[in-house]
Every structure is written in structure tokens, then in C-alpha cells.
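Let's take a walk through this structure together, moving from one residue to the next and pausing at a helix pair along the way. Have the model open and turn it as you read.

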Amino acid sequence: MTETPTSVPVPSPIISAAGLAEALAGPRPPVVLDVRYRLGGPHGRPDYDAGHIPGAVFVDLDAELAGVPGERGRHPLPDVADFGAVMRRAGVSAGTPVVAYDGHLGWGAARAWWLLRWTGHADVRVLDGGLAAWRGPLEKDAPSPAEGDFEPRPGGLPLLTADTAAELARTGLLLDARAGERYRGEVEPIDAVAGHIPGAVSAPTGENVDGDGRFLAPAALTARFAALGEVEPGAQIGVYCGSGVSGAQQALALELAGFVPALYAGSWSEWSRDPARPVATGAQPG
């Protein structure tokens with residue numbers, strides 16, 4: 001049904017602000033990626049230039065963590081070689097810990113986390129709560145890190161296609177990470193068709209975090225996802241969103257909860273481009 005991931009032990013997918021400060025002061029400081037991104041909002045670079053975690057390298061989600069929009073969706077997976085070059089320029093090596101952060105719900109940071117995990121980098125985490133949780137100093141100068149040696153090898157996390165997403169919606173559990181009104185087809189501000197993949201269950205990403213943007217405790221997340229499909233921890237659960245960005249945050253939450261996340265990267269922006277693909281509307285999976 002999906003690409004078979006390689007079996008590599010991985011740390012928790014999140015790190016606290018205090019944990020990041022300690023790691024930065026330690027003998028193996030992580031590469032820090034600033035992936036500030038907001039759907040339909042202003043570009044994140046001006047915010048980075050105004051102040052970022054010391055040593056953090058800005059990564060442009062639209063230009064560097066996605067390919068050219070088209071038939072594969074609005075944020076298709078980037079060319080693997082191009083992604084590897086971006087990560088090496090940021091200083092990422094095979095044995096270097098990486099921490100990504102953003103300023104809004106963890107979407108951009110989770111996209112970087114997912115891509116690194118998918119391409120074989122095991123030691124990557126997201127700053128829990130984003131930049132708002134950071135209590136240390138900020139700096140304005142952009143660093144010039146030494147070139148890393150990271151070579152991407154896809155297959156570290158399961159990846160769904162449109163066909164395997166449709167199959168999982170019929171035979172297992174496929175979660176729609178978008179806002180409920182988009183899932184129900186009441187509004188569609190971006191893509192040409194409103195609705196959801198038949199059989200998919202609504203699970204907005206905002207319900208994965210608390211009021212401060214920090215992820216809920218693993219037990220709470222486990223209960224949330226298990227209730228959506230009566231599945232046990234350890235089971236594979238699929239997830240999609242509008243274009244594969246917020247779905248990465250859902251994948252991270254699923255991993256925290258003890259499930260195996262399988263991301264449909266093309267998501268609704270790819271699915272809805274194909275008139276042969278069925279569309280469901282309303283509150284029920286359909």
C-alpha cells in the first residue's frame with residue numbers, strides 16, 4: 001500500500017525550548033532550521049531577519065521544501081537531490097541532530113521534519129510551541145554554516161499515492177487534517193473543488209495542540225486518534241491535508257501518539273485536480 005520505511009530508531013519528534021537551549025550549549029549542538037510559514041500569509045524571511053534563534057538557518061518552504069506546483073499539487077515533494085543540497089547548505093550532516101521551528105502551529109517545521117525523516121535522517125525534531133516558546137536571545141545576522149554531508153535516501157517514512165490513500169480510506173483509517181468546513185465542502189478558499197476523499201475522517205490539526213501551540217500529551221493524542229477509527233497504537237494511519245504541509249504536523253502528532261503515519265503528500269490539491277477522482281461532502285466520511 002505504501003513505500004516500506006527503513007527501520008531506524010528515532011528520538012522523540014519534538015523538543016522543548018529548554019531542551020533546545022541545553023542542546024545548543026552542549027558538545028553536539030543541533031543544526032537549527034527556521035521554517036516560518038503561514039498558508040496565504042506573508043513570506044517568513046522578513047520575520048527571520050527581524051530576529052531568530054541564534055545560529056538558525058532560514059529555509060523557504062515554498063521554494064526549498066516543495067517542488068513546482070502542478071499536477072502533483074500545490075506543494076509537491078521537492079526533487080530529492082535539490083532537497084539534499086538545501087540541507088547540506090544549511091549544515092546538515094548524516095550524524096548531526098536537527099531541530100526545526102516555525103511560528104504557527106508547527107506546520108512548516110513539521111514539513112522539514114517529515115522530509116528529513118522520509119529521506120533517512122533519524123535525528124530530527126520540532127521545537128514544541130515554535131518560536132513563541134523560546135526564552136533565549138534572538139539574533140538578526142544570518143549564519144554561514146559549514147557544508148554538511150547529508151545524502152537523502154527516500155523511504156524512511158510511509159508515503160501514500162492517490163490510489164493507496166483511496167484504498168486506506170476504504171480499508172483502514174485516512175485522516176483529513178484540514179479545517180472542518182473545508183472537509184465538509186462548505187468552503188474551499190484555495191482548490192478548485194470542495195469536499196474530501198470518500199471514506200476519510202475529519203481531524204483538524206488545531207486539535208493536536210493546546211492554546212500555546214504545544215502538542216498535547218501522547219496519551220491524549222493516542223486517545224484522540226484511536227477514537228476516530230477504533231485503531232490500536234502501532235497501526236498505520238494515513239493523513240492528508242490541502243497540499244501536504246499541515247498533514248506533516250498531523251503525521252508528527254500520530255508518531256507522538258504511537259501510530260505509524262503515512263502521508264499522502266499530494267493531498268487534496270492533487271486529488272481534486274483529477275476529475276475522475278470521486279468527491280464526498282458533508283460531515284460523514286461518505
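Start at F215, and set aside its neighbours within four places in sequence: the remaining contacts are I14, D128, N208, V209, Q249, L252, A253 and L256. In this predicted model, F215 sits in the loop between β8 (201-202) and α8. Its relative accessible area is 9%, and because anything under 20% counts as buried, F215 belongs to the buried residues. If you also want a distance to a residue far off in sequence, take A18: 197 residues separate A18 and F215 along the chain, and their C-alpha atoms are 15 Å apart.

Two of the residues touched by F215, Q249 and L252, also appear in a helix pairing, so to speak of them again we turn to α9. How do α5 and α9 pack against each other? Helix α5 (residues 107-118) meets helix α9 (residues 246-256) at an angle of about 70°, and their axes are 7 Å apart. Angles of 65 to 115 degrees count as roughly perpendicular, and the two helices therefore fall into that class. The crossing of α5 past α9 is left-handed. On the α5 side, the residues taking part are W107, A110, R111, W113, W114 and R117, while α9 brings S246, A248, Q249, A251, L252 and E255. Sorted by class, this contact holds seven nonpolar, two polar and three charged residues.

Now follow the chain out of α5. The loop between α5 and β5 (124-127) holds T119. Is T119 buried or exposed? With a relative accessibility of 2%, T119 is buried. A polar atom of the T119 side chain lies 3.2 Å from the backbone oxygen of L116. Beyond its neighbours within four places in sequence, T119 is in contact with F83, F150, E151, P152, R153 and P154.

Finally, have a look at two backbone conformations. Neither E230 nor S267 is a glycine, yet phi is positive in each: about 50° for E230 and about 55° for S267. Their settings can be described in turn. E230 lies in the loop between α8 (218-229) and β9 (236-240), and its relative accessible area of 76% makes E230 exposed. S267, by contrast, is part of helix α10 (residues 267-271) and is buried, at a relative accessible area of 0%.

Notes
Residues are numbered from 1 along each chain as its sequence is written. This is a predicted model: local features need pLDDT of at least 70, side-chain atom pairs count only at pLDDT 80 or more; totals for chains, interfaces and linings use all residues. Side-chain values use heavy atoms; hydrogens and water are left out. Axes are lines fitted to C-alpha atoms, for helices over the stretch in contact, and angles run from 0 to 180 degrees between N-to-C directions. Helices (H or I, at least four residues) and strands (E, at least two) are DSSP runs, numbered from the N terminus. Angles under 35 degrees count as roughly parallel, over 145 as roughly antiparallel, 65 to 115 as roughly perpendicular and the rest as oblique. A crossing is left-handed if the near helix is turned anticlockwise from the far one by less than a right angle, and right-handed if clockwise. Contact means heavy atoms within 4.5 Å. Ala, Val, Leu, Ile, Met, Phe, Trp, Tyr, Cys and Pro count as nonpolar, Asp, Glu, Lys and Arg as charged, and the others, Gly among them, as polar. Buried means under 20% relative accessible area, exposed over 50%, partly exposed in between (1.4 Å probe, protein chains only). A polar contact is a pair of N or O atoms within 3.5 Å; within protein, one must be able to donate a hydrogen and the other to accept it, and residues adjacent in sequence count only if both atoms are side-chain atoms.
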